[in-house]
Amino acid sequence: MNTLRLKLADIFEARGKSRRWGYLFDGFLMTLIFANVIAIVIESVPHIAQNHMRFFVYFELISVAIFSVEYLARLWTSVDLDRFKDTHYSNTQRRLRYIASPLALIDLLAILPSLLTFFVSFDLRFLRVLRLLRIFKLTRYSRAMQMMLNTIREEASSLTAAFFIMTVILIIAASGIYLLEHDIQPDKFGSIPAAMWWALITLTTVGYGDVVPVTMLGKIFGGIITILSMGMVAIPTGILASSFSDQLRQRRRTYSETVYQLMEDGVICHDDRTHLEELRLELGLSSQEAVQIEKQVRTTHPVLKRFCPQCGHHLE
């Protein structure tokens with residue numbers, strides 16, 4: 001086994017003895033990503049970009065070089081990832097599977113726009129927007145973002161059904177307002193596709209006011225669609241909020257069960273504390289949440305009441 005490759009994999013995954021270096025490396029990359037986003041936003045101001053063009057060019061080159069080296073290093077060490085540990089894939093198969101993973105694709109998008117400039121001529125404004133995709137690299141280091149992506153993945157079927165219903169209502173709303181208003185306002189409701197703009201802003205309760213029905217039947221129909229939209233738009237939000245809450249509850253339950261198992265002898269040793277800290281970071285729980293869960297475990301489980309909460313000695 002390649003020792004250097006394994007050490008790099010441990011740093012990238014922040015595991016084992018390289019955990020501390022892994023956290024430092026993650027912190028450095030997060031800082032660099034934030035600096036890139038700020039630089040790209042500031043560069044959109046014409047006079048600043050003109051006066052400091054050399055700085056922005058050098059900063060972009062250095063950033064792309066760092067992100068490129070990181071991507072290639074992660075690709076090289078991907079054969080030692082934990083998810084491939086018990087598989088029978090060859091090293092080539094493991095790397096191909098890593099390339100196709102969401103996080104690897106995000107890493108590639110972070111460097112691809114700048115690399116393409118060497119081969120294709122791009123509009124600078126378009127390139128700047130593409131470079132902003134680097135902010136999605138924070139998904140790798142944010143437990144909250146990973147939790148949200150897991151929520152969307154788990155509720156994909158429910159969200160698809162909700163958006164399908166909204167699409168049907170969108171077509172019905174556009175067709176109805178077209179029949180009622182196209183003779184009066186042919187410039188705004190001259191076709192069903194043109195009427196979809198009004199249906200969309202009405203269903204989303206935005207209501208810009210640039211396109212409104214003027215006939216009595218059109219206004220009544222618009223009011224009905226507005227009332228329906230209040231419930232329809234809330235469906236995807238409710239699904240995501242409920243699933244997100246369930247994931248948080250499950251993570252806290254997992255941590256609570258682990259605390260219970262480790263505290264059955266009335267005391268948490270150094271190794272147990274290290275294990276709990278690793279689990280807390282993996283689950284994305286704050287230190288305050290962890291302390292609160294441990295206190296709750298002590299007060300709610302009868303087995304632990306036989307031990308002193310301060311010293312851990314058995315109580316008579």
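1. Let's fix one term before anything else: a residue counts as buried under 20% relative accessible area, as exposed over 50%, and as partly exposed in between. Arg-249, with a relative accessible area of 41%, is therefore partly exposed. Please keep in mind throughout that this is a predicted model.

2. Now the overall picture. The chain has 14 helices and zero strands, so reading along the sequence just gives α-α-α-α-α-α-α-α-α-α-α-α-α-α. Of its 316 residues, 35% count as buried. If you look at contacts with a separation of 6 or more, residues 24 or more positions apart account for 62% of them.

3. Back to Arg-249, and to its partner. Arg-249 forms a salt bridge with Asp-246, and the closest N and O atoms are 2.7 Å apart. The two residues sit three apart in helix α12, which means about one helical turn separates them. Asp-246 is partly exposed as well, since its relative accessible area is 40%.

4. Helix α13 (residues 270-283) has a pair with that kind of spacing: Glu-277 and Arg-280 lie three residues apart there, about one turn of the helix. Their side chains meet in a salt bridge, at 2.6 Å from N to O. Are the two partners buried or partly exposed? Glu-277 is partly exposed, at a relative accessible area of 35%, whereas Arg-280 is buried, at 10%.

5. The salt bridge I'd look at in the viewer is Lys-137 with Asp-107, where the closest N and O atoms are 2.8 Å apart. Lys-137 is in the loop between α7 (124-131) and α8 (143-154), and Asp-107 is in helix α6 (residues 102-116), so this pair ties together parts that are 30 residues apart in sequence. Lys-137 counts as buried because its relative accessibility is 2%. Asp-107 counts as buried too, also at 2% relative accessibility.

6. Which residues are linked with Lys-137 and Asp-107 in a network of salt bridges? They are Glu-70 and Arg-74. For the whole model, the count of salt bridges comes to nine. As general background, side chains of opposite charge can pair when their charged atoms come close.

7. While you're in helix α6, have a look at Ala-104, which is located there. Ala-104 is buried, with a relative accessible area of 0%. Leaving aside residues up to four places away in sequence, Ala-104 touches Tyr-71, Tyr-98, Ile-99 and Arg-140. Arg-74, the residue named above in the salt-bridge network, is 30 residues from Ala-104 along the chain, and their C-alpha atoms are separated by 8.6 Å.

8. On to helix packing, starting with helix α9 (residues 156-181) and α11. Their axes come within 10 Å and cross at roughly 170°. Since an angle over 145 degrees counts as roughly antiparallel, that makes α9 roughly antiparallel to α11. On the α9 side, the contact includes Ile-165, Met-166, Ile-169 and Ile-172; on the α11 side, the residues are Leu-217, Gly-218, Phe-221, Ile-225 and Met-232. By class, this contact divides into eleven nonpolar, two polar and one charged.

9. The other pair to check is helix α12 (residues 234-262) with helix α14 (residues 287-300). At what angle do these helices pack? The angle is about 55°, with the axes 10 Å apart, and that makes α12 oblique to α14. Their crossing is right-handed. From α12, Arg-252, Tyr-255, Ser-256, Val-259 and Tyr-260 meet Glu-289, Ala-290, Ile-293, Glu-294 and Val-297 of α14. This contact has six nonpolar, one polar and three charged residues.

10. Last, a backbone point. Most residues other than glycine have a negative phi. Thr-205 has a positive phi of about 55° although it is not a glycine. You'll find Thr-205 in the loop between α10 (192-203) and α11 (216-232). Thr-205 counts as partly exposed, because its relative accessibility is 47%.

Definitions and conventions
Residues numbered from 1 in each chain as written. Predicted model: local features only at pLDDT ≥ 70, side-chain atom pairs only at ≥ 80, totals over all residues. Heavy atoms only, no water. Axes fitted to C-alpha atoms, helices over the stretch in contact; angles between N-to-C directions. Helix = DSSP H or I, 4+ residues; strand = E, 2+ residues; numbered from the N terminus. Parallel < 35°, antiparallel > 145°, perpendicular 65-115°, else oblique. Left-handed = near helix turned anticlockwise from the far one by under 90°. Contact = heavy atoms within 4.5 Å. Nonpolar A, V, L, I, M, F, W, Y, C, P; charged D, E, K, R; others polar. Buried < 20%, exposed > 50% of the residue type's maximum accessible area, 1.4 Å probe, protein only. Salt bridge = Lys/Arg side-chain N within 4 Å of Asp/Glu carboxyl O.
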